[in-house]
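Please open the model in a viewer and keep the sequence panel in sight. The tour below proceeds by selection, from one stop to the next.

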Amino acid sequence: RWCAAGGLSNEIHVWDLSSSRPSWKLLGHENGISDLKITKDGNTILTLGIDGSVRLWHLPTKSELLTLANPGEPIQCIAV
């Protein structure tokens, strides 16, 4: 139902797959996005910033649910 992409900017672009254009952007990371995952139910996205912060987003409401600060060690990937 959703497709998402992130990169060197701090923006996460989200598409509703019924259209061919980006539907909206999620903003909150200070730097670029190094990894992201959408949950199987399609309602939540987990994003990893280059700074090591992890954010949880609720896609239907386009809102941020949770931010986990960098624990001091670099984070390379995330899983759902």
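pLDDT is the predictor's confidence in each residue, on a scale from 0 to 100. This is a predicted model, and colouring by pLDDT is a suitable way to begin. The mean over the protein chain is 87, and 99% of the residues reach 70 or more. Among the elements of the chain, the lowest mean pLDDT, 88, belongs to strand 1 (residues 2-6), while strand 6 (residues 54-58) has the highest, 94.

**First stop: the sheet of strands 1, 2 and 3**

Select strand 1, strand 2 (residues 11-16) and strand 3 (24-27). Together, these three strands make an open sheet in the order 1-2-3, with antiparallel pairing. Strand 1 and strand 3 are the edges; each has a single partner strand, so one side of each is left without a neighbour in the sheet. Viewed along the sheet, neighbouring strands are turned by 25° against each other on average, direction ignored.

Next, restrict the view to strand 1 and strand 2. They form a hairpin with four residues between the two strands, and their antiparallel pairing extends over five bridges. Two residue pairs serve as landmarks here. Cys 3 has Trp 15 of strand 2 as its bridge partner, and Ala 5 is matched with His 13, also in strand 2.

**Second stop: side chains that link strands of this sheet**

Which two residues form an aromatic pair? The count of aromatic pairs comes to one. The pair consists of Trp 2 and Trp 24, whose arrangement is edge-to-face, at 5.0 Å centre to centre and with 70° between the planes. This contact links distant parts of the chain, as Trp 2 lies in strand 1 and Trp 24 in strand 3, 22 residues apart.

Now display the charged side chains. A search of the whole structure finds three salt bridges. One of them joins Glu 11 to Lys 25, where the closest N and O atoms are 3.6 Å apart. Glu 11 is in strand 2 and Lys 25 in strand 3, so that 14 residues separate the partners and the pair links distant parts of the chain.

**Third stop: the sheet of strands 4, 5, 6 and 7**

Select strands 4 to 7. These four strands form an open sheet in the order 4-5-6-7, and here too the pairing is antiparallel. Its edge strands are strand 4 (33-38) and strand 7, each of which pairs on one side only. The twist from one strand to the next averages 20°.

Begin with strand 4 and strand 5 (residues 44-49), which pair in the antiparallel sense over five bridges. Within this pairing, Leu 36 has Thr 47 of strand 5 as its bridge partner. The two strands form a hairpin with five residues between them. Centre the view on the turn to find Gly 42, which has a positive phi of about 75°.

Continue to strand 6 and strand 7. These strands run antiparallel and are joined by five bridges. Select Val 54 and its bridge partner Leu 68 in strand 7, then His 58, whose partner in strand 7 is Ser 63. The hairpin has four residues between the strands. Where in this hairpin does a positive phi occur? Lys 62 takes such a value, near 60°.

**Last stop: a patch on the surface**

Finally, switch to a surface representation and select Leu 65, Leu 66 and Leu 68. These residues make a nonpolar surface patch of about 270 Å². Leu 65 is located in strand 7 (residues 63-68), one of the edge strands of the four-stranded sheet. Leu 68, already selected as the bridge partner of Val 54, contributes to the patch as well.

Notes. Residues are numbered from 1 along each chain as its sequence is written. This is a predicted model: local features need pLDDT of at least 70, side-chain atom pairs count only at pLDDT 80 or more; totals for chains, interfaces and linings use all residues. Side-chain values use heavy atoms; hydrogens and water are left out. Patches are made of residues with over 30% relative accessible area and no salt bridge: like charges are joined within 9 Å, nonpolar side chains (Val, Leu, Ile, Met, Phe, Trp, Tyr) within 5 Å. Accessible areas come from the Shrake-Rupley method with a 1.4 Å probe; for residues, only the protein chains shown count as cover. A salt bridge is a side-chain nitrogen of Lys or Arg within 4 Å of a carboxyl oxygen of Asp or Glu. Two strands pair if DSSP finds at least two bridges between them. Axes are lines fitted to C-alpha atoms, for helices over the stretch in contact, and angles run from 0 to 180 degrees between N-to-C directions. Rings of Phe, Tyr and Trp (its six-membered ring) pair if their centres lie within 6.5 Å; planes under 30 degrees apart count as stacked, over 60 as edge-to-face and the rest as tilted.
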